[in-house]
Structures are given as C-alpha cells and as structure tokens.
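Trainee: I would like to go through this structure with you. Please make me justify each term we use.

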Amino acid sequence: MKMQDDPVIRGRGLRKHYRRGSETVRALDGVDIEVRAGESLCILGPSGSGKTTLVNILSALDAPTAGTLAVAGRRVDGLAERELVAVRRGVMGFVFQQFHLIPTLTVAENVALPLLFLGRRANPSDVERVLRAVGLADRAGHRPRELSGGQMQRVAIARALVVHPRVLFADEPTGNLDGSTGDAIFDLFERAVRQDNIALVLTTHNLALAARCDRSLTLRDGRIAD
Amino acid sequence: MVAAVATIAALVAVIGVINSILTSVHERTGEIGVLKALGAGRWQIFRVVWIETLWIALSGATAGCLLAVVGARLTDAALRRLLNIGVTQSLVRITPGLLWTAILGAVALGLLAGVWPAARAAALRPVAAIRNGE
C-alpha cells in the first residue's frame, strides 16, 4: 500500500444543519475526517445517520454549513458552484447505488462522458482501457438496459476511473447487488486503490465489505461514534 | 388580421416549446444532477438543453412547412373544383422564400423559448437534482 502523508481530503468540524419546519436537523454535527491516497475508508451507520450527507460534502457536491474542507490541499468550503465543478472534474470519481447511467448512450459513450466535461476528446483507447479493467470491453456498444445490475455498476466504475481521479466516492455501491456480485465490485475498487493509488470513500451497510477496507468509521446522529 | 393570427400562433408555439422542454428537464432532473456530479459545468448543461430545443424547433418547422405545402396543394385543388373561375395560376402560393422565413423564424423562436428551461436546468444543484430524480 502506498499511502501518502498529505491527505487528499481533510475535513474539520464539518456540520450540516438545516431547518425542517420549526425544527433544526443536524444531519452532520462536527465531523473531523482525513482520507489519504492509496487508502480505503468505509463509512458505516444506520439509515439517517449522515453517511450520504458526509459523502456529498466531502465530494464537494454539497456545502457544509460550518467547518473547513480541503481537497488536494486546497480549501473548497465556501467556493461557488462553478469553482466546485472545477474541483470535482478530474479529481473525483463517483459511483452511485442506482448506477445512474444515461440510458440513451452506449456503454462506451457513458464511460467517455467525464472526458468530454474535462474538455478532452474522448480517446477510444482510454475508454477501452477502463472497460477492459472492469471486464466489459466486449459490451462497449451495448445500452445500459441490456446489462445486469452488476455489469451496470462495473460501467459506473469505469466511468469514474476514466479520468484518473485522486479520490473515488461510492455511496452504497453494492446496495442493489447480490453478495457475490458485490464482492466482485469491491475487488475492482480494491484494485483501483492498490494499483492506481486512489483514495476510496465508501458508504455501506455491509459489514463484510467494511472489513475489507483499510479503515472504517461509524456515524450516529451526524457524529462519529467510534 | 393575418399578422394577428400569425402572432398568436407564434406565441402558442413558444409556450408549447417551453412547456415541452420544461417537462423534459423535470423528467431528467436526476440525469442532469449526475452529469453535474461527473463534471458538467453550467454552460455545458445549458447548451445540451438549448440544442435540444433547437432540434425540436427545427423539426417542427420542417414538418410544418411540409404540411403547409401539401395543404396548399390540396386547398388549391379544392378551390378549383368548387370555384371554376378559369384561373390557370396557383390560387394558394407558397414560395421558397416564405418557407425559409418560416423555418428561420421558428428556429429563432425555439432558441428564445429554450433560454429559460436551459437556464433552469443549468442552475440545478447536483445533490438536490440527483435526490429528486430517484
């Protein structure tokens, strides 16, 4: 494992409070967290404990109401959405529980999407490389509806990896998959962490998957419980 | 009178296009959120929706022009049958210039109609959009 000293993600005192009617919801309540390159971190916790909120904030998809967040050494809390887009591009990859592939595009086109947003021409060899890495090179011309759940998640992982991200966020990536398919998906994450020195931040309810991560933390009521 | 009818028709068309694109944006809220998470900027989302509006306007204008040409010929034939007035020239005449004006006008109106839905799509926040789309 090639862990580096400087964290890719560093959050201090992260809070996310919002009003719901007359009540203040403390979705996240003072979380300190660091994630380093070449490290996998699992976030556990019951539903509503703040796992997804934490991942959304760490990945600059959502803004904390208080606290500081640095991505690759750069403070990003308080940045405007336009600047956050620039932070996400090329630095972060995303894998969602519901896969979120674009149904009208082929597998190869889905994988190439982040490259287009980076302003790069979609290089077929880049797309082929990641599709080969996830074992779906022969499915490049297929549409998502022609794939199984496990295959769709592999495409989502290929889409996340095509930009060589420094950190990969996966929110319940195996939640819609059976056990053995989930294990195979985690093998792909593990390979990305070990071979490409990517930091992985993953949420799950699956304790067996959590045990395979380098570190895990449990959230309860928006706070780290252990 | 003709100008008034044309203006009302254009307004109805613009409202129709805005409504169609807003519905399309609403149905694809989650998809737009994912695109933003993957790195799409505001202008990139705006452009996608705007180009889609342009295609709708262009397709509608082309179909409308084809219908107008066919309709004019049928009307011409019907008039000749009903009113035998001995005129040999076309009674209903649609010139290429008129067709081009109609197509360009429809495209211009389509581009105008697309601004608001495209701006709304571009302004969506990724987390809220993904959550709403699930």
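Mentor: This is a predicted model. Start with helix H4(A). Which helices do the buried residues of H4(A) pack against?

Trainee: They pack against helix H3 (107-117) and helix H5 (149-161) of chain A. The buried residues of H4(A), which spans 124-133, are Val127(A), Val130(A) and Leu131(A).

Mentor: What makes you say that these residues line one face of the helix?

Trainee: Looking down the axis of H4(A), the buried residues fall within an arc of 100°, so they line one face.

Mentor: Good. The general rule fits here: an α-helix has 3.6 residues a turn, so residues three or four places apart point the same way. What follows H4(A)?

Trainee: Gly135(A) follows, and its phi is positive, near 75°.

Mentor: Now Pro173(A). Where does this residue lie?

Trainee: In the loop between strand S7 (167-171) and helix H6 (179-196) of chain A.

Mentor: Why is Pro173(A) called buried?

Trainee: The cut-off is 20 or more other C-beta atoms within 10 Å. Pro173(A) has 29. The residue therefore counts as buried.

Mentor: Leave aside neighbours within four places in sequence. Which residues are in contact with Pro173(A)?

Trainee: Val95(A), Gln97(A), Gln153(A), Ile185(A) and Leu202(A). To be called a contact, the C-beta atoms must lie within 7 Å.

Mentor: And how far is Pro173(A) from Arg120(A)?

Trainee: The two are 53 residues apart in sequence and 27 Å apart in space, C-alpha to C-alpha.

Mentor: On to the sheet. In what order do its four strands run?

Trainee: The order is S2-S1-S4-S5 in chain A. The sheet is open, and the pairing is antiparallel.

Mentor: What makes a strand an edge strand here?

Trainee: An edge strand pairs on one side only. That applies to strand S2 (23-36) and to S5 of chain A.

Mentor: How do you know that S1(A) and S4(A) pair?

Trainee: Pairing takes at least two bridges. Strand S1 (7-20) and strand S4 (66-71) of chain A have five, in the antiparallel sense. Among the partners, Gly11(A) is bridged to Leu69(A), and Ile9(A) to Val71(A).

Mentor: Apply the test to S4(A) and S5(A). How many bridges join them?

Trainee: Two bridges join S4(A) to strand S5 (74-75), and these strands run antiparallel. The threshold is at least two, and this pair meets it. Ala70(A) stands opposite Arg75(A) in S5(A).

Mentor: What is notable in the hairpin of S4(A) and S5(A)?

Trainee: Two residues lie between the strands, and Ala72(A) takes a positive phi near 50°.

Mentor: Step back to the whole of chain A. What does the chain contain?

Trainee: Seven helices and 10 strands.

Mentor: Why is chain A called as compact as a globular protein of its length?

Trainee: The radius of gyration of chain A is 17 Å, and the globule rule gives 17 Å for 226 residues. The value is close to the rule, so the description holds. The C-alpha atoms fill a box of roughly 50 × 40 × 35 Å along the principal axes. Buried residues make up 46% of the 226 residues in chain A.

Mentor: Turn to chain B. How many helices and strands are there?

Trainee: Five helices and zero strands.

Mentor: What makes chain B more spread out than a compact globule?

Trainee: For 134 residues the globule rule gives 14 Å. The radius of gyration of chain B is 21 Å, well over that, so the chain is more spread out than a compact globule. The C-alpha trace spans about 70 × 25 × 25 Å along the principal axes. Buried residues make up 24% of the 134 residues in chain B.

Mentor: How confident is the predictor in chain B?

Trainee: The average pLDDT is 86, on a scale from 0 to 100. At least 70 is scored by 99% of the residues. Among the elements of chain B, helix H1 (2-27) has the lowest mean, 82, and helix H2 (29-37) the highest, 91.

Mentor: Last, the contact of the two chains. How many residues does each chain give?

Trainee: Chain A gives 15 residues and chain B gives 12. On the side of chain A that touches chain B, helix H2 (81-88) and H3 of chain A each give two or more residues. The residues of that side divide into eight nonpolar, three polar and four charged.

Mentor: And which scores does the predictor give the complex?

Trainee: An ipTM of 0.84 and a pTM of 0.82.

Key: Residues are numbered from 1 along each chain as its sequence is written. Chains are lettered from A and ligands numbered from 1 in the order in which they are written. This is a predicted model: local features need pLDDT of at least 70, side-chain atom pairs count only at pLDDT 80 or more; totals for chains, interfaces and linings use all residues. A residue is buried if 20 or more other C-beta atoms lie within 10 Å of its own, exposed if 12 or fewer, and partly exposed in between; C-beta atoms are placed from the backbone. The arc is that of the directions from the helix axis to the C-beta atoms. Two residues are in contact if their C-beta atoms, placed from the backbone, lie within 7 Å. Ala, Val, Leu, Ile, Met, Phe, Trp, Tyr, Cys and Pro count as nonpolar, Asp, Glu, Lys and Arg as charged, and the others, Gly among them, as polar. The radius of gyration is taken over C-alpha atoms; the globule rule is 2.2 Å times the number of residues to the power 0.38.
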